[in-house]
Every structure is written in structure tokens, then in C-alpha cells.
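The following exercises concern a pocket and a helix. Please examine the sequence and the structure before reading the solutions.

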Amino acid sequence: MTDIKELLLSRIRDVEDYPEQGVMFKDITPLLADPAAFTALTDALAEVAERTGATKVVGLEARGFILGAPVALRAGLGFIPVRKAGKLPGATLRQAYELEYGSAEIEVHAEDLSAGDRVMVVDDVLATGGTAEASLQLIRRAGAEVAGIAVLMELGFLGGRARLEPALRGAPLEAVLTV
């Protein structure tokens, strides 16, 4: 696992003061552009999905789509996008959540998840955990079970894991990298 961590870390670029002054943005586009690194990450996340008995993968907008879709394909599972409010046609379930400054809403198609589904949430970064927590609420409101959360990178200093622990109800939260 050390080799994969070194490979992935070597393909993540730090961008100072983006999107605003004082923020160190973790840019994963070099990782996505490297087939060996992208494959290694996909394999690692697919292994988590398989180990937890997931039947579907939810990807959180937007980079969670990029990571979640190949993970679902690799693991032989269905893929469900969780979008910002107003982006999905048809009947949706909507969940509001609080941001540092304000609030936001996410949605999922109501018919895409049902009782009997075990759902793994996939995203690129776990920061404060607000979006991930809202996605767990959506999954349960749809009648499905949470298999866990798998992310490329956890920003440990932002406290997202502590926020998510109660909402996970014992389901695992796995990060390939913690910074």
C-alpha cells in the first residue's frame, strides 16, 4: 500500500491560494491524466466497495463522478450520481445541508436506490464532511443501506471524519490518503 500511496501523492499537485486566498487546493487532474495512477486508485476504491458488500456506488458531484463511475464498473456495480439541486430530471429526493457560509442541496433520482441496496459513497476529498453526511441521509431516505464511504484523500485537519462518525452508524470510512 505504501507504493500506491507514494504514486498517488506524486500525482497530486498543490495549488496555493485557490479557489481563494489562504487555501491550498489539492489538484487531482495530474493523477487522472496518468493511467497507472488512475488505475491504481480505481482498483483500491473498487476493493473497498467489494469488501463492504456494496451493490451500488454513489458518486458525489463533481469529482466523485470521475472516480465513482470507474469504481462501479470495476466492481461490477451500478453507479448513481448525486447532483447539486436542480440538475436531475424527473422525481428526485433532495437533502439540504449547511456549508461554512450558507447552505446547499443535493439530489438523487428517487427510483435509483431502493431497499436491499447497499451503497458505497465515493468522492475525491473528505474535507468537513457536509456533502458526504447529506448523501448518507439521502441514501437512507431512499430506503437503502449505507455500505460506507471511500475517498481518495482525507483532509484530517478539517474534522470531517468526526462529523461523519454518528451518521455512518458503524459503516466504514476509508481514505486511501490522509493529509
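Two exercises with worked solutions follow. The model is predicted, so local features need pLDDT of at least 70, side-chain atom pairs count only at pLDDT 80 or more, and totals for linings use all residues. Residues are numbered from 1 along each chain, and side-chain values use heavy atoms, without hydrogens and water.

**Exercise 1.** Determine which residues lie nearest the centre of the largest pocket, and which element gives the largest share of its lining.

*Solution.* A pocket is an open set of points on a 1 Å grid where a 1.4 Å probe fits, with protein on both sides within 12 Å along at least five of seven lines; lining residues have an atom within 4 Å of a point.

1. The lining of the largest pocket comprises 40 residues, with Arg-63, Val-125, Ala-127, Thr-128 and Leu-158 nearest the centre.
2. Strand S7 (118-126) is one of the elements that supply at least two lining residues, and its five residues are the largest share.

**Exercise 2.** Compare the expected span of helix H3 with the distance between its end C-alpha atoms, then identify its buried residues.

*Solution.*

1. H3 (residues 35-51) has 17 residues; at 1.5 Å a residue it should span 24 Å, and its end C-alpha atoms are 24 Å apart, which agrees. The expected span is 1.5 Å times one less than the number of residues.
2. Buried (under 20% relative accessible area, 1.4 Å probe, protein chains only) residues of H3 are Ala-37, Leu-41, Thr-42, Ala-44, Leu-45, Ala-46, Val-48 and Ala-49.
3. At the start of H3, a side-chain oxygen of Asp-34 comes within 2.9 Å of the backbone nitrogen of Ala-36.
4. Just after H3, Gly-53 adopts a positive phi of about 75°.

Note on methods
Helices (H or I, at least four residues) and strands (E, at least two) are DSSP runs, numbered from the N terminus. Buried means under 20% relative accessible area, exposed over 50%, partly exposed in between (1.4 Å probe, protein chains only). A polar contact is a pair of N or O atoms within 3.5 Å; within protein, one must be able to donate a hydrogen and the other to accept it, and residues adjacent in sequence count only if both atoms are side-chain atoms.
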